[in-house]
Amino acid sequence: MPHRSPPIQWHLSLITPDQISDADGVARHYNELDQFYREVWGEHVHHGYWETGRESPDQAVEKLIDVLLGKLTLPADADVCDVGCGYGATSRYLRNKYQFRVTGVTVSQSQWAYASEQSADAEWPKFLLQNWLQNELESDAYDLIVSIECFSHIVDKQRYFDEIARVLKPGGQAGLAVWLANPQASNWAVRHLLKPICQEGRLPSMAATPECEEMIANAGLQLVSFEDASRRVSKTWSICARRLATKIATRRKYLRTLMDASTQNRIFALTLFRIMYAYWSGAMQYGLFALRKPLPGDFE
C-alpha cells in the first residue's frame, strides 16, 4: 500500500498536468488510438452503470444513458445536442429509443467520420466536427443536452457550462456524466494518480464536485440533482483491463503499437490501470449532474 499523506486542503483549484493538452491534442489522442478505443471500450466509449451487478457490459453502457436521462423531465419531441459524442453510439441510442432529433459534436476526425458513416442513411442523428467551445450552434436551440465524459477534455471549463446555458432553450435541461477528482485526495494520489491520468489521457484538467457546482451557478444554470455514481461505474475498468490484456496476448498489432516509440499516446495502456486504482482508492469519482436553464420569470 502507498504511504498515505495528509489530504490536500481544497481551494477550488483544478488539478492540471505538467503539460496541458488542448482540443487538438485531444483530437490527436482519439485519432491515433481510434481502432483500439472501439475494440477495447466499444462504440459508446464511456463507462457502464451496474445497478444489480449482473448487467452485461453492453447493457451497462446503455443503462448509464437511461439513468442519466431518468434524472431529467423528457419532452415527447425533443431537439438534443450530444456534446462530445464520440463514435455516435449514444446519439444513435437516443434517436432509436427516444425518437429525439440528435446533433452530435466531436473534435475527433476519426470519430466524426465513423459516426457519420453509421448514420449516413438516416435523417437523424447528425454529426458536427466542431470544438464545443467554438461551436456554431444557435442560441436557445435545444430542449436537452447530453454530455457523457466530455467535460474533463475541455480546456476552458467555465465556458463549457456557459455554452450549455447559451444553446439550451429557456427551461431546457442538461444531463452530464463527469470524471471528477476527490476533493479529499491525498498529495500522493494527486501526484501519482490524478496528474498522470490527466497527462496521459489528454485531460487539460480535472475538477471536483464543488468546482463544478460553482461553475454551474456562474453560468446561470440550476443544479437539479447530483449522484456520485463511482461505485456503480468502477467495474468498467476491470473489464477494459481484461480486454486489453487479452488483445495484447493475442493480437500482434497491440504489442507492436505499445512497443513503437512513434505512437505518442501508447502510455494510455498504463493509464487504464492507473485509473482502475484511482477508483479503487477513492481518488477519482464519477458524477451525474442534472441541470436546468431557468425560465425568464423564475427569479421574479
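These are my notebook entries on the sheet, the helices packed on it and the nonpolar cores of a predicted model.

**Entry one: the sheet.** I started with the strands and found seven of them in an open sheet with mixed pairing. Their order is E3-E2-E1-E4-E5-E7-E6. I then looked for the edges, which are strand E3 (126-129) and strand E6 (222-228), each pairing on one side only. Direction ignored, neighbouring strands here are turned by 15 degrees against each other on average.

**Entry two: one strand pair.** I zoomed in on strand E1 (residues 79-83) and strand E2 (residues 101-106), which run parallel and are joined by five bridges. Which residue of E2 is the bridge partner of aspartate 82? I found glycine 104 there.

**Entry three: helices on the sheet.** I followed H4 next, and it lies across E1, E2, E3 and E4, at about 175 degrees to E2. Helix H5 (residues 109-118) also packs on the sheet, where it touches E2 and E3. The direction of H5 makes about 160 degrees with that of E3.

**Entry four: the cores.** I looked up the largest nonpolar core and found 45 residues in it. Leu94, Phe100, Leu194, Met284, Tyr286 and Leu288 touch the most other members. Several elements supply at least two residues each, including helix H4 (89-98), strand E4 (142-148) and helix H12 (268-281). H7 gives the largest share, six residues.

I picked leucine 94 for a closer look. Beyond its neighbours within four places in sequence, leucine 94 is in contact with Ile65, Leu69, Val80, Gln99, Phe100, Val102 and Val146. Apart from this core I noted another, of 29 residues, with Ile145, Leu176, Met215 and Leu221 among them.

How values were computed. Residues numbered from 1 in each chain as written. Predicted model: local features only at pLDDT ≥ 70, side-chain atom pairs only at ≥ 80, totals over all residues. Heavy atoms only, no water. Core = buried A, V, L, I, M, F, W, Y, C linked by side-chain atoms within 4.5 Å. Buried < 20%, exposed > 50% of the residue type's maximum accessible area, 1.4 Å probe, protein only. Helix = DSSP H or I, 4+ residues; strand = E, 2+ residues; numbered from the N terminus. Contact = heavy atoms within 4.5 Å. Pairing = 2+ DSSP bridges. Axes fitted to C-alpha atoms, helices over the stretch in contact; angles between N-to-C directions.
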